[in-house]
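Thanks for coming, everyone. I have one structure to walk through today. Let's put it on the screen.

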Amino acid sequence: MTTSTTGESSTAAPLLDLQSLVVAVRRRRRLWCALALLGLLAGAALAVLRPPPPSATAKVLVAHAADQPNDPGTLIRTDAALLQTTGIAGAALKALGSAEKPEDFMKEYAGAGLTNNLLEITVTGKSDAEAQARAKALAEAFVADHVQRIQEAADAESKALLDQRDRMRQELDQVNQQIGTGTQPNGAKGPANLESLYASRAELTARITDFGQRAAEAKVGAPRLVAGTQIVDAPHAVRQSLPKTAATDAGIGAVLGLFLGIAVAAVGAVVADRPVLRREIAAHLGASVIAELARVPRRSRGRWQLRRTRAARERVTATLARTVRGCAEPVSLLELGCAHSTGALALDLAGALTEQDGPVVVVDGLPGPQLARRTAKPGEPTVVRGEQAGAVPQPQERRVGVGSVAPGTAWTDLRYLGTRTVLVVRAGAGSAAWLHTVARQLAEQRVPVLGVVLIDPDPRDRTDGTRWDGPPAAPPDRDERPARLIWLGRRRTERLPAWTARVPDIDQEAR
């Protein structure tokens, strides 16, 4: 098993690897696509099974005494809020002759300001006719309430102005009385005091006239506001399209389902901590990724349907054949999360070795008799179960073991399948803790790992799955002896070369 002792990066691993998270979420696209489809179907079904109730709408033009061109919509929002009051709701129900509670009726209508002076009222009902009647009664109740408030405000303003005018008249009477007393022959008022009284009388007369005019204007402005508040769009039923409603609800459901699915996939990927990138799997297993292969579908029975997949399978088989042929000891293929693909790969490897080296026996140690129960055709390798491996008549034949390192594995039996192994791991099949367990158990059983064959890798994974034996060695100085090389954690015992004396190339340099 190839391990890296001095080549590891000194920087700590990030708490959350975004690249791994994105890849893990993308690999679980079936989950969030299924939830998005479920949300789409649920939205469409909801629109069909529970269609929106009949509704009617009306538009009311509202005039305000404090209308300004730069009004941000505060007044019309106030009118919309006043529409949601028990007073207006009760007046509308009274006009309809309904015994429904105003609180319940307020839940069945809404008001929205379209502009600074245009209010839209939407009311629902059991039928289109009922919705129209409710909208008309509600609009009329709102207009009546608004007109009443305008008139009450105008009357209050006019009354305040007239009261102020009356107080001014009383003061004027007092001033006139003082002037009359001062103009008598025996009056005590001097010329200066009389002049001041005359000035006060003139000022009071002007103010009385002003208050009278303002009171008249207040009375005149109210009818203009009353006439400006009216129903400009008669109540009419809102035509609702079932296909459009179903499409809208389905789209909303699909978006919500997609968001929920991505969130669940992301949380599940973080909690499960299942490595999917080449560099992570190689780091946790302590071995390099030597080949990649798409997952073998169970229905294909070991045959690749696509030309590209078949070519990739042949390349992987050739790579494993060269690796196994270079080992004098028996080699095994140990799977993690891809028993079917590993079995098919073992048969292909045995067939390639049979063509070059003679008969090959495949020792099936996989859970279940997937390979042992198959009927061998002429020229195909022989498959025996693990307990029958000792009864093979020709022990000199090359053996290729197939086993599993999934949870529940009997670790002591792995060495009987092969003293060296190639791990066949499906991306995302095991957690980081379990990959560490596999590497540790194989090291304890003294079964070196020749490499890792990655099954079902992410097509967009561009990480490096190579494990180095150490950092690149720097050129040694003349005065320093080269450091001893570390190979698989063991020191080499061969003698280190000594530096020789430099020999001049030409006679002139020698001189």
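**A sheet, its core and two loop residues**

Start with one pair: Arg426 stands opposite Ile455 in S11. Keep in mind that this is a predicted model.

Now widen the view to the two strands around that spot. Strand S10 covers residues 420-426, and strand S11 covers residues 449-455. They run parallel, and 6 bridges join them.

Next to that, look at helix H9, residues 278-285. H9 packs on the sheet. Its contacts there are with S5, S10 and S11. Its direction makes about 150 degrees with that of S11.

So how many strands form the sheet, and in what order? There are 7, and the sheet is open. Read across, the order is S5-S11-S10-S6-S9-S7-S8. The pairing is parallel.

Which strands stand at the edges? Strand S5, at 289-293, and strand S8, at 382-385. Each has a single partner strand, so one side of each lacks a neighbour in the sheet. From one strand to the next, the twist averages 25 degrees.

On to the packing. A general point to begin with: in soluble globular proteins, nonpolar side chains tend to be buried together. Here, the largest nonpolar core has 27 residues. Which residues have the most contacts inside this core? Val316, Leu320, Leu345, Leu349, Leu353, Val424 and Val453.

Several elements give two or more residues to this core. Among the strands are S6 (331-336), S7 (360-364) and S9 (398-404), along with S5, S10 and S11. The helices are H10 (307-325) and H11 (339-357). H11 gives the most, with 6 residues.

Take Leu345 as an example. Leave aside its neighbours within four places in sequence. Leu345 is then in contact with Leu293, Val316, Thr317, Leu320, Leu333, Val424 and Val453.

Last topic: backbone angles in two loops. Asp273 is not a glycine, yet its phi is positive, about 55 degrees. You will find Asp273 in the loop between helix H8 (242-272) and H9. Arg446 is not a glycine either, and has a positive phi of about 55 degrees. Arg446 sits in the loop between helix H13 (432-444) and S11.

Is Arg446 buried or exposed? Its relative accessibility is 68%, so Arg446 counts as exposed. The cut-off for exposed is over 50%. Asp273 has 43% relative accessibility, so Asp273 counts as partly exposed.

Notes:
Residues numbered from 1 in each chain as written. Predicted model: local features only at pLDDT ≥ 70, side-chain atom pairs only at ≥ 80, totals over all residues. Heavy atoms only, no water. Pairing = 2+ DSSP bridges. Helix = DSSP H or I, 4+ residues; strand = E, 2+ residues; numbered from the N terminus. Axes fitted to C-alpha atoms, helices over the stretch in contact; angles between N-to-C directions. Contact = heavy atoms within 4.5 Å. Core = buried A, V, L, I, M, F, W, Y, C linked by side-chain atoms within 4.5 Å. Buried < 20%, exposed > 50% of the residue type's maximum accessible area, 1.4 Å probe, protein only.
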